[in-house]
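Thanks, everyone. Let me put the model on the screen and then walk through a few places in it, beginning with a helix.

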Amino acid sequence: METIGVLALQGSFAEHMQALRKIAGINPILVKTADELARVDRLIIPGGESTTIGKLLNTTGLSINLCKRILLGMPVWGTCAGLILLAKKIDDEQPHLAVMDICVKRNAYGSQLASFECQKLIPEISNTPINMVFIRAPQIISVSGTTKILAEYEGKIIAAQQNRMLATAFHPELTADLSVYNYFLRL
């Protein structure tokens, strides 16, 4: 059985843990150290504050180990801030992990007050529309290489996949819908 980790330096890691525990046979662990990272087969990088998480990845020394694991094929899923951390290019700042061929714009949907919910069908992930929560969400401006666009909302890219890397601008952990989790577990 695979071990699923949730990066727990800052952000919505508790909500991801709660969602994962609803899936039969999954016993997730929090990842805060290199030893914990070494124990996981897959990792979720949660939403939160990308700059803060990026600094903490560097401070803890996790950044280098995490990049190596991802580049060696460990499945990783970045939600919101996690998406920003994976990006090779960020519109207005230096990239953090720089492992995924995407260019990102932070807070593309506006401030916290502009947060919203919607439903969208993503055929690769589910046969039914998925509930999505956007909070100060980033936008994927462009993809390159082998990265494919999974979904757009109002002309903006909100989900993409490159090999075993998944990036979503929305927060599945804030809904009861486990479709994206199940998709990630199949990567």
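How many of the 8 residues of helix α6 (residues 179–186) are buried? The count is 6 of 8, so to speak a mostly covered helix, where buried means under 20% relative accessible area, exposed means over 50% and partly exposed is in between, with a 1.4 Å probe and protein chains only. The buried residues of α6 are Ser 179, Val 180, Tyr 181, Tyr 183, Phe 184 and Leu 185.

Before going on, please keep in mind that this is a predicted model, in which local features need pLDDT of at least 70 and side-chain atom pairs count only at pLDDT 80 or more, while totals for chains, interfaces and linings use all residues. Residues are numbered from 1 along each chain as its sequence is written, and side-chain values use heavy atoms, with hydrogens and water left out.

Now to helix α3, residues 50–60, in which Ser 50, Ile 53, Gly 54 and Leu 57 are buried. These residues lie on the same side of α3, because they cover an arc of only 100° around the axis, the arc being that of the directions from the helix axis to the C-beta atoms. Lys 55 and Thr 59, on the other side of α3, are exposed. The buried residues of α3 pack against β1 (4–7), α4 (62–71) and α5 (81–86); helices (H or I, at least four residues) and strands (E, at least two) are DSSP runs, numbered from the N terminus. At the N-terminal end, α3 is capped by Glu 49, with a side-chain oxygen 3.1 Å from the backbone nitrogen of Thr 51, and after the helix comes Gly 61, with a positive phi near 80°.

Leu 57 also appears in the largest nonpolar core, which has 64 residues, and is one of those touching the most other members, as is Leu 66. Such a core is a set of buried Ala, Val, Leu, Ile, Met, Phe, Trp, Tyr and Cys residues joined through side-chain atoms within 4.5 Å. Leaving aside residues up to four places away in sequence, Leu 66 touches Leu 37, Leu 43, Ile 45, Leu 57, Met 74 and Leu 97, where contact means heavy atoms within 4.5 Å.

Finally, two residues other than glycine have a positive phi near 55°: Cys 80 and Asn 163. Cys 80 sits in the loop between β4 (76–79) and α5 and is buried at 4% relative accessibility, whereas Asn 163, in the loop between β11 (156–162) and β12 (165–168), is exposed at 53%.

How values were computed: Polar contact = N/O pair within 3.5 Å; in protein donor to acceptor, adjacent residues only side chain to side chain.
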